[in-house]
Amino acid sequence: MSDTIGSEKVVSLALTLTVDGEVVEEYSAEEPFDYLHGAENVVPGLEAALDGRKVGDKLTVTVPPAEGFGEYDPEDFEIFDEDDLEGAELGAAVVLEDEDGYLFEGIITEINDGEIKVDFNPMWAGKTLNYQVEVLGVRDADAEELEHGHPHGADVDEYEDDEDWEDEE
Ligand code: ZN
């Protein structure tokens, strides 16, 4: 059925994400969240719960860390010298590039005696994610969207339109 969620479909959702009792993401019917199903645009637990759903379906999905952004890894940090990170502030996000040109986002979690600790865990690592979603629309993805691995459209600013997008995963 064309209004059923499956691979190679672009899905529009109204979505509320609550973490630790706090709403951290919200998309309304007026400004929905669009994603390409089967392309890892959303966490595995949410994608699995939406598979086979239809337009008009409303669901509440509780996603454990293993099906979300993963368990928190206490070893996933690096210590930098103060001179390497100018203007570092506690709690600030930093983007760092490795030798191969891959970009990593981290959060500055400690500043001590000229040493700066940057935590590279995803923001919601180790957290249970509570989604409330309503399926607003389902359509076939076009060839370019399938090639890029994300939906296109006027309101889709959250995806960098970059040929290397898939490689950054
Ligand atoms: Zn694209």
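**Exercise 1. Decide whether E145 is buried or exposed in this predicted model.**

Step 1. Take the relative accessible area of E145, which is 1%.
Step 2. Recall the cut-off: buried means under 20%.
Step 3. E145 is therefore buried.
Step 4. Place the residue. E145 lies in helix α2, residues 143-148.
Step 5. List what surrounds E145. Leaving out residues up to four places away in sequence, E145 touches V10, L36, R139, D140, H150, P151 and H152.

**Exercise 2. Find which residue forms a salt bridge with E145, and classify that partner.**

Step 1. The partner is R139, with the closest N and O atoms 2.9 Å apart.
Step 2. Check against the cut-off: a salt bridge needs the nitrogen within 4 Å of the carboxyl oxygen. The pair R139 and E145 qualifies.
Step 3. Now classify R139. Its relative accessible area is 35%, so R139 is partly exposed.
Step 4. Put the two ends together. R139 is partly exposed, whereas E145 is buried.

**Exercise 3. State how many salt bridges the count gives, then describe the one between K127 and D20.**

Step 1. The count comes to four salt bridges.
Step 2. In one of them, the side chains of K127 and D20 meet at 2.6 Å, N to O.
Step 3. This pair links distant parts of the chain, 107 residues apart. K127 sits in the loop between β8 (115-119) and β9 (129-140). D20 sits in the loop between β1 (9-19) and β2 (22-27).
Step 4. Classify both ends. K127 has 28% relative accessibility, so K127 counts as partly exposed. D20 reaches 60%, so D20 is exposed.

**Exercise 4. Describe the salt bridge of K117, then the surroundings of E78.**

Step 1. The side chains of K117 and E110 meet in a salt bridge at 3.8 Å, N to O.
Step 2. E110 counts as partly exposed because its relative accessibility is 37%.
Step 3. Turn to E78, which lies in strand β5. With a relative accessible area of 42%, E78 is partly exposed.
Step 4. List the contacts of E78, again without residues up to four places away in sequence. They are I116, K117, V118 and F120.
Step 5. Compare sequence and space for E78 and I116. Along the chain they are 38 residues apart. Their C-alpha atoms are separated by 8.2 Å.

**Exercise 5. Identify which residues form the patch of negative charge, and locate D83.**

Step 1. The patch gathers D81, E82, D83, D84, E86, D113 and E115 on the surface.
Step 2. D83 is found in the loop between β5 (77-81) and β6 (93-97).
Step 3. Test D83 against the cut-off: exposed means over 50%. D83 has a relative accessible area of 64%, so D83 is exposed.

**Exercise 6. Summarise the whole chain: its elements, burial, contacts and surface.**

Step 1. Count the elements. The chain has two helices and nine strands.
Step 2. Write their order. From the N terminus on, the elements run β-β-β-α-β-β-β-β-β-β-α.
Step 3. Look at burial. Of the 169 residues, 37% count as buried. E145 is one buried residue.
Step 4. Look at contacts. Take those with a separation of 6 or more. Residues 24 or more positions apart account for 62% of them.
Step 5. Finish with the surface. The accessible surface comes to about 10,500 Å². Carbon and sulfur atoms hold 42% of that area.

Note on methods: Residues numbered from 1 in each chain as written. Predicted model: local features only at pLDDT ≥ 70, side-chain atom pairs only at ≥ 80, totals over all residues. Heavy atoms only, no water. Patch = residues over 30% accessible without salt bridge, like charges linked within 9 Å, V, L, I, M, F, W, Y side chains within 5 Å. Areas by Shrake-Rupley, 256 points an atom, 1.4 Å probe, with all protein chains shown as cover. Lys, Arg positive; Asp, Glu negative; His and termini not counted. Charge placed at Lys NZ, Arg CZ, Asp CG, Glu CD. Helix = DSSP H or I, 4+ residues; strand = E, 2+ residues; numbered from the N terminus. Buried < 20%, exposed > 50% of the residue type's maximum accessible area, 1.4 Å probe, protein only. Contact = heavy atoms within 4.5 Å.
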